[in-house]
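Trainee: Could we go through this structure one part at a time, with each term explained when it comes up?

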Amino acid sequence: MISAREARRIALAAQGFADRRPAAPGRRHLLKVIERLGVIQIDSVNVVSRTHYLPAFSRLGAYRRPLLEEIAWGKRRTLVEYWAHEASLLPAATHRLLRWRMEDARAGVGVWKGVARFLGSHGEFIDQCLAEIAARGPMLASELSLGAKGAGSWWGWSEGKRALECLFWVGDLTTATRRGTFERVYGLPGEVLPKDARGEPPPREAAQRDLIRIAARAQGIATERDLRDYFRMGVAETKARIAELVEAGELTPAAVKGWDQVAYLHHQARRPRKIDANALLSPFDNLIWFRERTERLFGTRVRLEIYTPAHKRVHGYYVLPFLQGEAITARVDLKAERKAGVLRVQAAHAEPDANEETPARLAAELGLMAGWLGLDRVEVAPKGDLAAALAAAVG
């Protein structure tokens with residue numbers, strides 16, 4: 001029987017929180033974080049920072065943000081975009097492991113019926129879009145000469161935007177780079193993808209097995225539902241791949257005290273005796289993105305309240321939990337006021353595991369984040385049961 005505390009430490013170590021932050025984090029450190037996590041969720045909300053920058057900050061501290069842009073969208077890119085967890089960045093070699101998903105989308109299997117239906121009903125238009133990108137090179141959807149502005153369905157996208165997104169789903173187009181307000185520039189895979197993403201993929205079952213391997217290594221100890229959620233795989237295929245990895249000795253079934261589901265321990269999982277992390281976590285961070293797992297690991301309910309009406313929000317609009325040591329001890333509703341040079345704490349709430357060190361440790365991490373974002377100072381609004389103590393610690 002594995003204790004709940006030990007399971008939490010295994011999970012934190014697998015996610016990189018048992019490692020000391022480097023004094024000067026560089027490209028090598030950033031690549032190691034991404035390789036460890038296996039996938040990073042993309043989101044365009046920029047209230048604090050777009051979320052894909054934040055997991056590396058949580059683990060490395062104040063790395064240079066352009067480093068991520070270089071490896072994700074620059075000439076020396078090693079990452080590729082695709083629907084892996086949600087919209088995601090992932091290592092180029094992992095992109096090949098999702099070709100079966102692209103084929104499912106083309107065939108309209110499962111949730112992709114709308115993609116296949118659109119491609120099937122707009123054949124000539126699709127061909128024209130591909131031909132234009134082949135002739136002119138990578139472009140924004142708005143630069144297509146085809147398709148008028150849409151209204152209503154599919155977020156009001158134009159026919160051209162819908163076509164390019166469907167082609168992205170099935171792998172006939174990919175993201176060449178991002179421009180402007182984080183808009184996707186579409187390009188042909190053979191022309192813009194890194195070499196590691198262009199090779200022949202393994203068979204479907206082998207690719208799925210590799211994805212479960214990545215998910216298991218990144219989580220350390222996980223239930224079937226945890227493993228399934230990491231790359232949003234189906235129930236039957238996840239169970240089959242887990243059984244194969246158990247038989248191979250790469251996963252070991254285990255019981256965790258307080259968990260009502262069987263856990264699977266990765267054969268290389270570290271078991272540190274103590275973890276002493278300080279980290280502000282994006283609400284889309286791999287550690288906490290599956291809310292059921294977060295509650296099981298930390299005894300804390302983390303909910304995204306962006307889409308909740310303001311008067312119904314409990315903790316705020318863009319809330320980052322604070323990992324202190326081995327526990328989530330606080331939550332802060334943050335906003336980067338760039339013109340004023342302020343990282344504003346709009347509300348600060350203590351969690352049951354908060355202690356006398358929480359305000360000072362949280363204040364230090366907020367100060368580090370402010371500097372990393374190019375802001376001059378942190379200011380704390382008088383909202384939440386931790387606000388007064390945090391304001392005093394910020395000074």
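Trainee: How many bridges join strand β13 (residues 342-350) to β14?

Mentor: In this predicted model, helices (H or I, at least four residues) and strands (E, at least two) are DSSP runs, numbered from the N terminus. Two strands pair if DSSP finds at least two bridges between them. Strands β13 and β14 run parallel, and the number of bridges that join them is four.

Trainee: Through which helix does the chain cross from β13 to β14?

Mentor: One bridge in this pair sets Val342 opposite its partner in β14, Arg377. The crossover that links the two strands is of the β-α-β kind and is right-handed, a term used when, with the strands pointing away from the viewer, the path from the first strand over the helix to the second runs clockwise. The helix on that path is α16 (residues 358-372).

Trainee: Which residues make up the covered face of β14?

Mentor: In a regular strand the side chains alternate between the two faces of the sheet. Strand β14 spans residues 377-380, and its uncovered face holds Arg377 and Glu379. The covered face is made by Val378 and Val380.

Trainee: Before we go on, which atoms do the side-chain values use?

Mentor: Because the model is predicted, local features need pLDDT of at least 70 and side-chain atom pairs count only at pLDDT 80 or more, while totals for chains, interfaces and linings use all residues. Residues are numbered from 1 along each chain as its sequence is written, and side-chain values, which leave out hydrogens and water, use heavy atoms.

Trainee: At roughly what angle do the axes of helix α8 (residues 123-136) and helix α9 (residues 159-169) cross?

Mentor: Axes are lines fitted to C-alpha atoms, for helices over the stretch in contact, and angles run from 0 to 180 degrees between N-to-C directions. The axes of α8 and α9 come within 10 Å and cross at roughly 80°. Angles under 35 degrees count as roughly parallel, over 145 as roughly antiparallel, 65 to 115 as roughly perpendicular and the rest as oblique. The crossing therefore makes α8, relative to α9, roughly perpendicular, at roughly 80°.

Trainee: How many nonpolar residues does the contact of α8 with α9 have?

Mentor: Contact means heavy atoms within 4.5 Å, and here it involves Phe125, Ile126, Cys129, Leu130 and Ile133 of α8 together with Glu159, Gly160, Ala163, Leu164 and Leu167 of α9. Ala, Val, Leu, Ile, Met, Phe, Trp, Tyr, Cys and Pro count as nonpolar, Asp, Glu, Lys and Arg as charged, and the others, Gly among them, as polar. Sorted in this way, the contact has one polar residue and one charged residue, and its nonpolar residues number eight.

Trainee: Which strands stand at the edges of the open sheet β4-β6-β5?

Mentor: The three strands of this sheet pair in the antiparallel sense, in the order β4-β6-β5. Each edge strand has a single partner, so one side of it is left without a neighbour in the sheet, and these strands are β4 (139-140) and β5 (174-179).

Trainee: Which strands of that sheet does α9 touch?

Mentor: Strand β5 and strand β6 (residues 183-187) are joined by five bridges, and in this pair Thr175 stands opposite Tyr186. Helix α9 packs on the sheet with its direction at about 65° to that of β6, and the strands touched are β5 and β6.

Trainee: Is His52 buried or exposed?

Mentor: Buried means under 20% relative accessible area, exposed over 50%, and partly exposed in between (1.4 Å probe, protein chains only). His52 lies in the loop between β1 (40-41) and α3 (54-60), and beyond its neighbours within four places in sequence its contacts include Trp73, Leu89 and Phe182. With a relative accessible area of 1%, His52 is therefore buried.

Trainee: What is the phi of Phe182 near?

Mentor: Most residues other than glycine have a negative phi, and most peptide bonds are trans. Phe182 lies in the loop between β5 and β6 and is buried, with a relative accessible area of 12%. The phi of this residue, which is not glycine, is positive, near 65°.

Trainee: How many of the eight residues of helix α15 (residues 291-298) are buried?

Mentor: The buried residues are Arg291, Arg293, Thr294, Arg296, Leu297 and Phe298. They pack against several elements, including α1 (4-14), α12 (204-219) and β12 (327-337). The helix is mostly covered, and the number of its eight residues that are buried is six.
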